[in-house]
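Q: I am new to this structure. Please take one part of it and walk me through that part closely.

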Amino acid sequence: MNRHDIIDRIGREYLTSNIEAGEYSYVQEAGSKTKLEKAIGHSVNHFKLDIRFEFEEVVVLVETKPNFAKKDEAQLRDYLDLEYALHKGKKCIGILANTTNNKIKVWKSYIDDEHVLSEESVLERMLHYAKLFSINKQNDKEKVLKNTYDLNELLHKMDIDENKRSQFVGTTLLYIKDMVRKAGATEIDDELVEKLNAVWEMMDDKAIRGGIEGVLNNLLDDSENKTKKIALLQKNVLNDQKVKKLTTANWIKVLDTILLDIYRYIDADSSEGQDILNLFFIAFNKYTGKADKNQAFTPDHITDFMCRITDVDRTKVVMDITCGSGSFLVQAMVKELADCHRGKTEDEAFKLMKEVKEKHIFGIEVEEKAYGLATTNMLIHGDGNSNIKFASCFDCRKFIQDAAPDIVLMNPPYNAKPIGIPDKYKKGWGNAKDGKEDPTKGMVFIHFLSDVIKEMNEKKEKDGLQRKTVKLAVLLPVSAAIGTSSIVTMEKTAMLEDNTLEAVFTLPAEIFYPGAAVSACCMVFTLGKPHINVDGTVNETFFGYYKEDGFKKKKNIGRVEQFNGDGTSKWKEIENQWISLFRNKKVVDGLSATAEVDGNDEWLCEAYMRTDYSALSEEDFQQTVNNYLSYLMKEGMIYEA
């Protein structure tokens, strides 16, 4: 980008130059080189900056090069030091910009690796750079997780029911965000807390609840089924008898805790902050779901993995037909919103983000409490709730087809009551159709989805339109992959008639801890593409034995991410390996395999992979022998002498 275009992009009205050719000389500004060196405290070599912009207290320094390199950062750092020496109190953005292409590198406040803004890949307007200093919030995942546990304990002491806490906290957080915005705060500090507390102290508890309802009412404008969502909010939170017993003092304690211990450590305008916000909400769901061992809240890192293997980006329509609290939809929306910034200016990204929120995220949920959680969850992350439908997915055939999803991510109920499943799908179930639990272990939900996509494609073909394939990643119990019952085998066979089984991943044990105790796998299908090719051949399915994800169980918290000695995430390394093996269909002993399968076969890596004997140790052998001896003694086959 040439100099003229750079100035026009950032804003010619903010350009400050004091010498010929539009450059900015710090010698000229200081009065002489001697005065400049006195101000900085040492001799100077670089003092003619290419382009300088200023708006109020924010300054943008741009140094241009044909193709900048690492060594050029030292020159930009010199200019930044001179800026701070001559203009006390200024807030600075430093930019290296190429003149031969559009490549830039941006820093905030200091020119070093810690302060580089990696997400800033496109030159922006001056007001965009000013906004980078508008509120002082630092992402801190560790603090948020610790404080989430403490917040849960506080609500326990205030006698707020476990099953109400997640939505209570979510709606309260939305109220706090609105109050901070109205206060025009630039940072969350004691001054802001005093200002907000002064407002709340003049309100009674009824007025505070009314304030929360008012914020939600405004946020839900133009949302489908707004009346139902507000009614659920009132029923599940604001009109709850224990919530109504909270005094003004109780409310201030809760509001201050969320503001200072949670919201202060989440920069929701960044993709990292969105991830932490999601982690916070999921953590609360875990705390509140402990009493129901059938609840299976999908862990955040698994939703991330499933988004990546299905290639979620800003161009895709994503759906979850059993969305629960909305974990998959939030993760997909966060990924799409982050992708909106790739190679785009702020204005361009804003238009793409609006498109994502309004037209790319669709969900269905039949359970009332989960539906309320999904709505709140989406609002916390910046809307996207307008296409969440309160219904059974079996009644939403047209809704699914109208959405025309590119990707479906889901974790269907494994123990749904057969009474809620259409009779069409219960043929061949025998007495199980009148039982208490779905004998297909959740596969009936993806069978229904397959039929909906098939019907959609038949209509497209009739209308002379191109058929559509849909990528599906679904979590199911391993028993669905093994297929020990004739009903499950029947479902597996039916799925392969119109769809391709691309992959199955065996996931870590107790993946849903502390919720459901079921062992799970992730199946990946291409819906709308038969498993058997036109020429009669069958593509191999990839199988991953992905049992180690770098997480450890921790009492009362769940499975906790572990880190290497250098502070890097063990999970991130493992996830990249998992994805690389899958994308390249690479076979590694002890980790992966490929095989041609049909509905009668076992769909787990354990049936096809080779053991990696090089990884076995003497301790492994001894442990196996000990376990076997323990089993023999337990079964009474041998006796201790």
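What follows is a close look at one strand and its surroundings.

Which strand is largely enclosed by the rest of the structure, and what lies around it?

A: The model is a predicted one. The part to look at is strand 5, residues 91-98. Seven of its eight residues are buried, so strand 5 is largely enclosed by the rest of the structure. Buried here means under 20% relative accessible area.

Start with the sheet. It is an open sheet of four strands, in the order 3-4-5-6, and its pairing is mixed. Strand 3 (51-55) and strand 6 stand at the edges. Each of these two has a single partner strand, so one side of each is left without a neighbour in the sheet. Neighbouring strands are turned against each other by 15° on average, direction ignored.

Strands of a sheet pair through backbone hydrogen bonds, either parallel or antiparallel. Strand 5 has a partner of each kind. With strand 4 (residues 58-65), strand 5 pairs in the parallel sense, over eight bridges. With strand 6 (residues 104-108), strand 5 runs antiparallel, and five bridges join the two.

Now go down to single residues. Leucine 96 of strand 5 is the bridge partner of glutamate 63. Toward strand 6, leucine 96 has lysine 105 as its bridge partner. So much for leucine 96. Alanine 97 has its own bridge partner in strand 6, isoleucine 104.

Next, the connections. Strand 5 and strand 6 form a hairpin, with five residues between them. On the strand 4 side, the route involves a helix. Strand 4, helix 4 (residues 72-86) and strand 5 make a β-α-β unit, and the unit is right-handed.

Finally, the helices around the sheet. Helix 4 packs on the sheet and touches strand 3, strand 4, strand 5 and strand 6. The direction of helix 4 makes about 150° with that of strand 4. Helix 1 (residues 3-10) lies across strand 3, strand 4 and strand 5. Helix 1 runs at about 10° to strand 3.

Put the picture together. Strand 5 pairs with strand 4 in the parallel sense and with strand 6 in the antiparallel sense. Helix 4 touches strand 5, and helix 1 lies across it. Seven of the eight residues of strand 5 are buried.

Methods. Residues numbered from 1 in each chain as written. Predicted model: local features only at pLDDT ≥ 70, side-chain atom pairs only at ≥ 80, totals over all residues. Heavy atoms only, no water. Buried < 20%, exposed > 50% of the residue type's maximum accessible area, 1.4 Å probe, protein only. Pairing = 2+ DSSP bridges. Right-handed = clockwise from strand over helix to strand, strands pointing away. Axes fitted to C-alpha atoms, helices over the stretch in contact; angles between N-to-C directions. Contact = heavy atoms within 4.5 Å.
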